[in-house]
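Q: I have a structure in front of me and would like to learn how to read it. Could you take me through it, feature by feature?

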Amino acid sequence: YLHKVYATAAWDITRGDSSVVIAIVDNGVDIDHRDLISNRWVNYDEREGEAGIDDDGNGFIDDVHGWDFYDDDPDPRPAAGPNNSHGTHVAGIAAASTDNRYGMAGAGWNCRIMAVRTGRGTQIFYGYEGLIYAAASGADVINLSWGSDTPSNIERITAEYAVQQGALVVAAAGNLNGPNIDHYPAAYESAMSVAAVDTADILYAL
């Protein structure tokens, strides 16, 4: 995929910056992964504050690296077992440590990963709550690799809110093998829709 998106040419211009925060709103991110740990986002108000206290007053106690909306706690790591690695996989594509002789190369070498767990396995239950959290917490890019073919005014307004906070909302087009149908939140005007292709630039359909 790095060759397909001309990553090496882009890296001659920029390799990401530690001031850029990419929120992964998904089924959890292994923030202790060897290829991610040095690029994880840190909420310094909470890290340097008092345990058990909402030091930054955002309504989430001890959210040092993100939040888990599925279990309602400050640990955004995924559950154990199969089908729970998707968020970690996406985080690696976005900003795994690069040129470290380990694992994979992330597109944004030095960007920070904000982990927002909103589901389990292949199911996302609190995606829009996670979107609001990421936007309010200052994420510059918010990745939503999920969606459905059902629109909602509340969801549309939520995506617009994130953009108003200065975030770029990147959402999955769906890659459905069938008629061209809108997939949300990717189809909202406020979102950047992204699809997958194979090595021949042909849509990779599910």
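A: Happily! Let's start with an idea we need right away: a nonpolar core is a set of buried Ala, Val, Leu, Ile, Met, Phe, Trp, Tyr and Cys residues joined through side-chain atoms within 4.5 Å. Keep in mind that this is a predicted model.

Q: Which residues touch the most other members of the largest nonpolar core?
A: In soluble globular proteins, nonpolar side chains tend to be buried together. Here the largest nonpolar core has 27 residues, and those that touch the most other members are Met 114, Leu 131, Tyr 133, Ile 142 and Leu 144.

Q: Which elements give two or more residues to this core?
A: Both helices and strands do. The strands are S1 (21-26), S3 (112-117), S6 (141-144) and S7 (168-172), and the helices are H4 (127-136) and H5 (153-164). H4 gives the most, with 5 residues.

Q: What does Tyr 133 touch, not counting residues up to four places away in sequence?
A: Look for Trp 41, Asn 58, Phe 60, Asp 63, Gly 66, Trp 67, Phe 69, Met 114 and Val 116. Met 114 is also one of the core residues that touch the most other members.

Q: How many residues are in the second, separate core?
A: That core has 13 residues, including Ile 31, Leu 36, Val 90 and Ala 94.

Q: Which residues form a nonpolar patch on the surface?
A: For a patch, we look at nonpolar side chains that are not hidden away: its residues have over 30% relative accessible area. In this model, Tyr 1, Ile 93 and Met 104 form such a patch, and together they have about 260 Å² of accessible area. Ile 93 sits in helix H3 (residues 86-95). With a relative accessible area of 30%, Ile 93 is partly exposed.

Q: Is Ser 97 buried or exposed?
A: Under 20% relative accessible area means buried. Ser 97 has 7% relative accessibility, so this residue counts as buried. You will find Ser 97 in the loop between H3 and S3.

Q: What does the side chain of Ser 97 make a polar contact with?
A: The partner is the side chain of Ser 38, at 2.8 Å. Leaving aside neighbours within four places in sequence, Ser 97 is in contact with Asp 35, Ser 38, Asn 39 and Met 104. Met 104 is also a member of the surface patch with Tyr 1 and Ile 93.

Q: How many salt bridges does a search of the whole structure find?
A: To read a salt bridge, look for a side-chain nitrogen of Lys or Arg within 4 Å of a carboxyl oxygen of Asp or Glu. The search finds 8 salt bridges here. One of them joins the side chains of Asp 201 and Lys 4, at 3.6 Å from N to O. This pair links distant parts of the chain, 197 residues apart: Asp 201 is in the segment after S8, and Lys 4 is in the segment before helix H1 (7-11). Asp 201 is exposed, with a relative accessible area of 51%, whereas Lys 4 is partly exposed at 31%.

Q: What separates Glu 160 and Arg 156 in helix H5?
A: They are separated by about one helical turn, because they are 4 residues apart in that helix. Glu 160 and Arg 156 form a salt bridge, and their closest N and O atoms are 3.1 Å apart. Glu 160 counts as partly exposed at 30% relative accessibility, and Arg 156 counts as partly exposed at 30% too.

Q: Which residues are linked in a network of salt bridges?
A: The network links Asp 32, Arg 40, Asp 75 and Arg 77. Within it, try measuring by eye the salt bridge of Asp 75 with Arg 77, where the closest N and O atoms are 2.6 Å apart.

Q: How many residues apart in sequence are Val 194 and Ala 172?
A: Places far along a chain can be compared by their C-alpha atoms. Val 194 and Ala 172 are 22 residues apart in sequence and 5.2 Å apart in space, C-alpha to C-alpha. Val 194 lies in strand S8 (residues 191-194), and its contacts beyond four places in sequence are Val 170, Ala 171, Ala 172 and Ala 173. For another pair, Tyr 204 and Arg 47 are 157 residues apart along the chain, and their C-alpha atoms are separated by 41 Å.

Conventions
Residues numbered from 1 in each chain as written. Predicted model: local features only at pLDDT ≥ 70, side-chain atom pairs only at ≥ 80, totals over all residues. Heavy atoms only, no water. Patch = residues over 30% accessible without salt bridge, like charges linked within 9 Å, V, L, I, M, F, W, Y side chains within 5 Å. Areas by Shrake-Rupley, 256 points an atom, 1.4 Å probe, with all protein chains shown as cover. Buried < 20%, exposed > 50% of the residue type's maximum accessible area, 1.4 Å probe, protein only. Contact = heavy atoms within 4.5 Å. Polar contact = N/O pair within 3.5 Å; in protein donor to acceptor, adjacent residues only side chain to side chain.
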